[in-house]
Amino acid sequence: MSFRKLSLKLVAASLLAGTALPAFAQDSIYVPLFTYRTGPFAGSGTFIADGMHDYLEMLNQRDGGIGGVKLVIEECETGYDTKKGVECYEAVKGKNPVMVNPWSTGITLPLIPRASVDKIPILSMAYGLSASARGDIFPWVFNPPATYWDGMSMIIKYIGEKEGGLDKLKGKKIGFIHLDAAFGKEPIPLLQEMAKEIGFEVALYPVAAQDMQNQSSQWLSARRDRPDYMIMWGWGTMNGAAVKEAVRSGYPMDKFYSVWWPSEDDARSGGAGAKGFKTLNWHAVGANFPAIQDIQKHVVDKGLSKAGKDKVGEVLYNRGVYNSLLIAEAIATAQKLTGKKAVTGEDVRRGMENIKLDPARLKELGLEGFTDQLVLSCANHNGHRPAFMQEWDGTKWVKISNPIEPLTDRVKAQLDAAAKDYAEKNAGWPKRTEACDKAS
């Protein structure tokens, strides 16, 4: 039975009984996962969904859940469609979810105003509204470990270093090929502002969702414009098609960069010519970590995963693992803060604000060296952590840089202004009323 049909039956049953939609048992913790295993974005979403599910299921199988409480994991298929995503939210919010993962900037945006009303924290992990990093203005939204604006600043910084300094970008032309949607447009204000400050030119190449696999016009324009560098903000089939078209059009792959979403399959789409394509990343690729080996043992080998064994450890699978690592840590931290086992969304919001994933904790979790440390707080819901550059060597991703710190001074001023502007433009925007923990 589909999630939607199940939800409608539950609603009907509750109306007939004259009671509210039933929540899950008090001795469990409900974690809904918004996923998309179908449609043009499934090539990215499926791997994310597998990683998210399998890490949480591993905790159930190996540890009996978190703090002795079983996790109830339930997927809702959104198809990366905003309307369906909101329907998923409405279907799950009565079941006492401790957190919601929209996995789409387009879905995240309409959920932001709902979060404080329903007291359900939103985790838009390294996507969504960059300004929601301001926890004082967006107390129910979290987007660690880096915003899209951080990511754009890191790419520009890296390119600048290759040129001999940011000032050397003056007079250069930087192309920006992006999904023509909220996600793809998110970093444009920062990119344009940096272009104005530094003196480089920006050429925009939007790609409509229905044209993701047919980008010939965009790459013909790029051949005409001859940008010195190309930066991509793509998702789903757009990424693989862009790599293929870049190779076909003869664009130099060592000048082609992307934010952190392309998969191994996307890079393989360009064949041997894709060698040199670069993307940002902030966590390891590979399965050589005790926690991921436990996923193999307790979930994959038992037939409890939808992932192929060859996909475990790939970049987007591990991205899903990282997402669920944050969920699990927020729950565990909430349990310690409150002394409760079956924590609520309000409790987990506190847990997120007190996350401290330092090297010692990562080692304890079986993820030593998997990622950089992350510390969140009441005011800082992002962390603004560095990422590194990885390059496709023809068969796999290879880390080629040290951590690249975001250009914090440039990003922070604009991010603060955007957050305040958002609150001012949304009349009656609720101010934070909850006290911060001293640890925050």
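Student: Why are Arg134 and Asp416 called a salt bridge, and are the two residues buried or exposed?

Tutor: Both Arg134 and Asp416 are buried, and in this predicted model their side chains meet with nitrogen and oxygen 3.1 Å apart. The rule asks for a side-chain nitrogen of Lys or Arg within 4 Å of a carboxyl oxygen of Asp or Glu, and because 3.1 Å falls within 4 Å, the pair is called a salt bridge.

Student: What parts of the chain does the pair of Arg134 and Asp416 tie together?

Tutor: Arg134 lies in the loop between β3 (122-123) and β4 (141-142), whereas Asp416 belongs to helix α15 (residues 408-425), so the salt bridge links parts that are 282 residues apart in sequence.

Student: How do you know that Arg62 and Asp294 form a salt bridge, and which helices hold them?

Tutor: The closest N and O atoms of Arg62 and Asp294 are 2.8 Å apart, which is within the 4 Å that the rule allows, and therefore the pair counts. Arg62 lies in helix α2 and Asp294 in helix α11 (residues 290-300), so parts that are 232 residues apart in sequence are tied together.

Student: Why is Arg62 called partly exposed?

Tutor: Its relative accessibility is 34%; buried would need a value under 20% and exposed a value over 50%, so Arg62, lying in between, is partly exposed.

Student: How far apart in helix α14 are Arg361 and Glu364, and what makes them a salt bridge?

Tutor: Arg361 and Glu364 both lie in helix α14 (residues 359-364), three residues apart, about one turn of the helix. Their side chains meet at 3.1 Å, N to O, and because that distance is within 4 Å, the pair satisfies the rule.

Student: Why are Arg361 and Glu364 put into opposite classes, one buried and one exposed?

Tutor: Arg361 has a relative accessible area of 17%, which is under 20%, so Arg361 is buried. Glu364 stands at 62%, which is over 50%, and therefore Glu364 counts as exposed. Elsewhere, salt bridges that share partners join Glu90, Lys93, Arg114 and Asp118 into one network, and a search of the whole structure finds 30 salt bridges.

Student: What domains does the assignment give, and what is the distance between their centres?

Tutor: The domain assignment of the protein gives domain 1 as 25-146 + 285-376 and domain 2 as 148-281 + 388-407. Taken over C-alpha atoms, the centres of domain 1 and domain 2 are separated by 27 Å, and the contact takes 25 residues from domain 1 and 22 residues from domain 2.

Student: How do you know that domain 1 and domain 2 bury area between them, and how many salt bridges cross the interface?

Tutor: The computed area buried between domain 1 and domain 2 is about 1900 Å², with 59% of it on carbon and sulfur atoms. The rule finds two salt bridges across the interface of the domains, and the count of residue pairs in polar contact between them is eleven.

Student: Which helices supply the side of domain 1 that touches domain 2, and how do its residues divide?

Tutor: Helices α2 (42-63), α4 (105-118) and α12 (315-338) each supply at least two residues of that side, and α2 gives the largest share, four residues. The residues of that side of domain 1 divide into 16 nonpolar, six polar and three charged.

Student: What makes Glu314 and Arg268 a salt bridge?

Tutor: Their side chains meet at 3.4 Å, N to O, and because this is within 4 Å, the pair meets the rule.

Student: Why is Thr279 called buried, and which residues does Thr279 touch?

Tutor: Thr279, found in strand β9 (residues 278-281), has a relative accessibility of 0%, which is under 20%, so Thr279 counts as buried. Not counting residues up to four places away in sequence, Thr279 touches Ser258, Val259, Pro262, Phe388, Met389, Gln390 and Trp397.

Student: Why is Ile112 called buried, whereas Gly79 is called partly exposed?

Tutor: Ile112, in helix α4, has a relative accessible area of 3%, which is under 20%, so Ile112 is buried; among the residues that Ile112 touches are Phe138, Tyr422 and Trp429. Gly79, in the loop between β2 (70-77) and α3 (82-92), has 23%, which lies between 20% and 50%, and therefore Gly79 is partly exposed. Leaving aside neighbours within four places in sequence, Gly79 is in contact with Thr35, Tyr36 and Thr38.

Terms used
Residues are numbered from 1 along each chain as its sequence is written. This is a predicted model: local features need pLDDT of at least 70, side-chain atom pairs count only at pLDDT 80 or more; totals for chains, interfaces and linings use all residues. Side-chain values use heavy atoms; hydrogens and water are left out. Domain bounds come from an automatic or database domain assignment. Contact means heavy atoms within 4.5 Å. Buried area is the accessible area (1.4 Å probe) that two parts lose on being put together, summed over both. A polar contact is a pair of N or O atoms within 3.5 Å; within protein, one must be able to donate a hydrogen and the other to accept it, and residues adjacent in sequence count only if both atoms are side-chain atoms. Ala, Val, Leu, Ile, Met, Phe, Trp, Tyr, Cys and Pro count as nonpolar, Asp, Glu, Lys and Arg as charged, and the others, Gly among them, as polar. Buried means under 20% relative accessible area, exposed over 50%, partly exposed in between (1.4 Å probe, protein chains only).
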